[in-house]
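User: I am new to this structure and want to know what stands behind the terms used for it. Please show it, and then I will ask.

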Amino acid sequence: MKLLPVIDMTGYVAVMDKLDGEPSKLKEQLGPELTESCKQLAQVLSEAGAVVVKDPRCSAEENKQFIEMMERYYESPVEYKRPQERPSLRYQVGITPEKVEVPRAMVDEKLQEKIRAMCVSKESQPATLIGPDLKWRYMWSVGPRPSKTQFKELNAAPVIPEGFPGWVETMNSWGYKMMAATEVVAEMLAIGYGLPKDAFTSLMKQGPHLLGPTGSDLQSYGQEGAVLAGYHFDTHFLTIHGKSRFPGLNLWLKNGQKIEGTIPEGCLLVQAGKQMEYLTGGDCMAGLHEVIVTDKTIEAIKQAKEQNRSLWRVSSTFFAHIASDAVLKPLGHFAESPLASNYPPIYAGELMEQELSFLNLKGNEA
């Protein structure tokens, strides 16, 4: 596999409100073509930890408008951005400056062992890590939060930059579109895995969903090999994002093969997180990935300079979470899998806090 297949969700979006939740009835209601799309979506995500989808409600133009607003924000002086930092909330809302997030592969011995075992050839090795990530990130809360929760810092209110025109409207517009897209992906995955269609979405209600666009200054860090986001997996349920103006995302399949994270125009890339791994009893492993400056990034930098465009690499990333107070455990038939015992019941918020404490952070999602 060199490129991830594109799963068109248009047909499912058209009929999703009319579907019964029972797996026994869904096949008949969906028909063979949509049923196969659901199965393919689940199969590719399990094999690759990532899949490309097309949602007719999320246009390339809206992705472009969002990226352009974030470029303007990241181009702002550091003194303007610093007041939006919330280290006391482990950077789960507001701005995370560059050189704060630590790549998991730098501190996780088990992940280092996995790299040595899985990435045998030179071509499959991740970039050598020499320090914290060079990217900035803004975390923006999307959707309702629970009135009562054990995990208040994971469910904090959004931070709004002062005097930034159109901020709230643009963040909410893209954020809610990304959330809607992940909900469709979650339903289709549940059907593809032979579970009730709301098996995942019912657990996502009032989750600490976050729009988390990154910004990497390629004027400062545009040298080939620069590590913008070091090798890691994401902790939450699903990551989804549109096409960036600068290439550089690498993904690893379950078999250790490294592929370029290419996103066709008008499509979205979905990646599995650790919460998904829990719910499937290890069938769908959290997707491993990195963002580095490649020869293709250098070419895109040259084009941006010629066109007088921003040299900030922005990702239009959204993190879908399971509700913090929901219990993670293998669902349905996944509870009978050989690996299920590796995933004992745990609150989603507790898993998230463990990961943040493990990194002594402060947060490491990309």
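User: What phi does Gly194 take, and where does Gly194 stand?

Analyst: Gly194 comes just after helix 7 and has a positive phi of about 80°. This is a predicted model, in which local features need pLDDT of at least 70, side-chain atom pairs count only at pLDDT 80 or more, and totals for chains, interfaces and linings use all residues. Residues are numbered from 1 along each chain as its sequence is written, and side-chain values use heavy atoms, with hydrogens and water left out.

User: What makes a stretch a helix or a strand here?

Analyst: Both are DSSP runs, numbered from the N terminus: a helix is H or I over at least four residues, a strand is E over at least two.

User: What span should helix 7 have, and how far apart are its end C-alpha atoms?

Analyst: The expected span is 1.5 Å times one less than the number of residues. For the 26 residues of helix 7 this gives 38 Å, and the end C-alpha atoms are 37 Å apart, so the two values agree.

User: What makes a group of residues a nonpolar core, and which residues have the most contacts inside the largest one?

Analyst: The members must be buried Ala, Val, Leu, Ile, Met, Phe, Trp, Tyr or Cys, joined through side-chain atoms within 4.5 Å. The largest such core has 100 residues, and Tyr12, Met70, Tyr138, Leu189 and Phe200 have the most contacts inside it. Helix 7 (residues 167-192) gives the most to this core, with 13 residues. Another core, of ten residues, lies apart from it and includes Ala105, Ile115, Phe233 and Ala286.

User: Which residues is Phe200 in contact with, its neighbours within four places in sequence left aside?

Analyst: Contact means heavy atoms within 4.5 Å. Among the partners of Phe200 are Ala186, Leu189, Ala190, Tyr193 and Leu195, and also Phe237, Met276, Leu279, Ile322 and Leu331.

User: How many disulfides does the structure hold, and how far is Cys267 from the closest cysteine sulfur?

Analyst: There are zero disulfides in the structure. A disulfide is a pair of cysteine sulfur atoms within 2.5 Å. The sulfur of Cys267 is 11 Å from that of Cys58, its closest, and therefore too far for a bond. Cys284 is in no disulfide either, as the nearest cysteine sulfur, in Cys38, is 15 Å away.

User: How do you know whether Cys267 and Cys284 count as buried or exposed?

Analyst: Buried means under 20% relative accessible area, exposed means over 50%, and partly exposed lies in between (1.4 Å probe, protein chains only). Cys267 has 9% relative accessibility, so it counts as buried. Cys284 has 0%, so it is buried too.

User: What is unusual in name or phi about Arg90 and Asn308, and how exposed are Arg90 and Asn308?

Analyst: Arg90 is not a glycine but has a positive phi of about 55°. It lies in the loop between helix 4 (78-81) and strand 3 (94-96). Its relative accessibility is 21%, so Arg90 counts as partly exposed. Asn308, also not a glycine, has a positive phi of about 55°, and lies in the loop between helix 10 (295-306) and strand 13. With a relative accessible area of 72%, Asn308 is therefore exposed.

User: In what order do the four strands of the open sheet stand, and why are two of them at the edges?

Analyst: The order is 7-12-9-10, with antiparallel pairing. Strand 7 (227-232) and strand 10 (258-260) each have a single partner strand, so one side of each is left without a neighbour in the sheet. Neighbouring strands are turned by 25° against each other on average, direction ignored.

User: What makes two strands a pair, and how many bridges join strand 9 to strand 10 and to strand 12?

Analyst: DSSP must find at least two bridges between them. Strand 9 (residues 249-252) has three bridges to strand 10 and four to strand 12. Trp252 has Lys258 as its bridge partner in strand 10 and Leu288 as its partner in strand 12. Strand 7 and strand 12 pair over three bridges, with Ala229 opposite Val291.

User: Which residues of strand 12 stand on each face, and are they buried or exposed?

Analyst: Leu288, Glu290 and Ile292 are on one side and His289 and Val291 on the other, and all are buried.

How values were computed:
Axes are lines fitted to C-alpha atoms, for helices over the stretch in contact, and angles run from 0 to 180 degrees between N-to-C directions.
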